[in-house]
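Q: I am new to this structure and would like a close look at a single part of it. Please start with the whole and then work inward to the aromatic rings and the helix beside them.

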Amino acid sequence: MGNAQEKPPGGGGAAGGAGGRPDQSTGGSGSRSRGGGVNVGKPHSPRSPEERLGNGTQENSPGGAQEVQHSPAVDTSYLDAPAGSLPPHLGRLKNEGNHLFKHGQFGDALDKYSQAIDGCAQAGIDNPEDLCILYSNRAACYLKDGNSTDCIQDCTKALELQPYSLKPLLRRAMAYESLERYRKAYVDYKTVLQIDTGVQAAHDSVHRITKLLIEQDGTQWREKLPEIPVVPLSVQQQHREKPVSIEQAKARAARAAQEEARRQEAHFTLLKQEGNDLVKKGQFQEALEKYTQSLTIKPNECAVFTNRAICFLRLNRFAEAKQDCDSALQLEPSNKKAFYRRALAYKGLKDYLSASSDLQEVLQLDPNVREAEQELEVVTSLLRQSLMDGTAQAPRV
């Protein structure tokens, strides 16, 4: 057994339970670890009904007879849950291991999985799927207890039985990473992603390890990697068609939603930046289109409305510029840029009184905006002239 190792980031409990829960998990008591873990005394097993009766709390009844209080029965129905094609006595060991693991008693769970594995050998049972799950589950216990060396050995046995099995691959990758064997960890994580691109833990680990390998090996780091196996298309298809639990389906949906949100955020940022660059080049129509596209992704982004208002102003589309400034001010009622640009839109619409009002609002918010001061002088002059000419418009609401 190997010495206890530091766990990789995530504590070995990511990606739908690769290190965080056993396959077909269903719990127990005590905590004892093997192979480098610290041993902790296992609690006494539950007493039989006869023992509980013999040692029950006694009270004197009014008639002088002694009355025994019974402890509530322990639910052990989980022991008879389906366990693949294992015979009942081995299936119960596996289910008890799952129950113990679920309740954080990894050393005791490890013992149960080991008994089941030994029982299979004694009974001549060699079903690859059942043995793969037992080795993979025991590997999860080793990983939780920090015994990365034995975790790797059990994962490798599981993968010999069921090549390209997802959980043993992911657990072995985590164990390699904890031992700082980054090249092998990278290969296993990349193999996992060939099977299921939705394993976010593998994506995160690949990014993290890539940085470490660049620091360690320089720009030629890829040349020093072991060969990454090509997962057959049939295996990928089989994994996609494999029935998933409600919990797995929820986890996948959450990961998909997060990924879509990241993709949309990246697309929004790109469109907005492209719009900004086009404004700097004086290409206002093209910039306007970029801003419009970005608003379909994030329709409540105040800065995009004020930026698009610039384009409308430069294209002499003053009514639309005003509308965008109105939208911006609904989102941020004290936005100086929105007030200033709406004033310019009002000026273009020859509504000098409204323009004057918005410019004064800007200066109330920030008296140091020189552009607003200068524009207010111009608008005041235009308003005075329009009053003299009798062409002043009533303020727009």
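A: The protein chain holds 16 helices and 2 strands. The model is predicted, and its mean pLDDT is 83, with 79% of residues at 70 or more. Of the 397 residues in the chain, 41% count as buried. About 21,900 Å² of the chain is exposed, and carbon and sulfur atoms supply 50% of that area.

Two stretches call for caution. Over residues 1–16 the pLDDT stays under 50, and the model has 52 contacts there beyond four places in sequence. The pLDDT is also below 50 over residues 25–65, a stretch with 72 contacts beyond near neighbours in sequence. Where pLDDT is low, the predicted coordinates should not be read in detail.

Now to the aromatic rings. The count comes to 2 aromatic pairs. One of them joins Phe 101 and Phe 106, with ring centres 5.0 Å apart and 65 degrees between the planes. This arrangement is edge-to-face because the angle is over 60 degrees. Phe 101 has a relative accessible area of 2%, so this residue is buried. Phe 106 is at 17% relative accessibility and therefore also counts as buried, the cut-off being under 20%.

Tyr 186 and Trp 221 form another edge-to-face pair, at 5.4 Å centre to centre and with 85 degrees between the planes. This pair links distant parts of the chain, 35 residues apart. Tyr 186 belongs to helix 7, residues 182–195, while Trp 221 sits in the loop between helix 8 (200–217) and helix 9 (233–241). Tyr 186 is buried because its relative accessible area is 3%. Trp 221 has a relative accessible area of 5%, so this residue is buried too.

Helix 8 comes just before the loop that carries Trp 221. This helix has 18 residues and reaches 25 Å from its first C-alpha to its last, close to the expected 26 Å. Its buried residues begin with Gln 200, Ala 201 and Ala 202. Further along, Ser 205, Val 206, Ile 209 and Thr 210 are buried, as are Leu 213 and Asp 217. Gly 218 follows the helix, and its phi is positive, near 80 degrees.

One more ring has a charged neighbour: Lys 298 lies over the face of Phe 268, at 4.7 Å from the ring centre.

How values were computed
Residues are numbered from 1 along each chain as its sequence is written. This is a predicted model: local features need pLDDT of at least 70, side-chain atom pairs count only at pLDDT 80 or more; totals for chains, interfaces and linings use all residues. Side-chain values use heavy atoms; hydrogens and water are left out. Rings of Phe, Tyr and Trp (its six-membered ring) pair if their centres lie within 6.5 Å; planes under 30 degrees apart count as stacked, over 60 as edge-to-face and the rest as tilted. Buried means under 20% relative accessible area, exposed over 50%, partly exposed in between (1.4 Å probe, protein chains only). Helices (H or I, at least four residues) and strands (E, at least two) are DSSP runs, numbered from the N terminus. A charge sits over a ring if NZ of Lys or CZ of Arg is within 6 Å of the ring centre and within 35 degrees of the ring normal. The expected span of a helix is 1.5 Å times one less than its number of residues. Accessible areas come from the Shrake-Rupley method with a 1.4 Å probe; for residues, only the protein chains shown count as cover. pLDDT is the predictor's confidence in each residue, from 0 to 100. Contact means heavy atoms within 4.5 Å.
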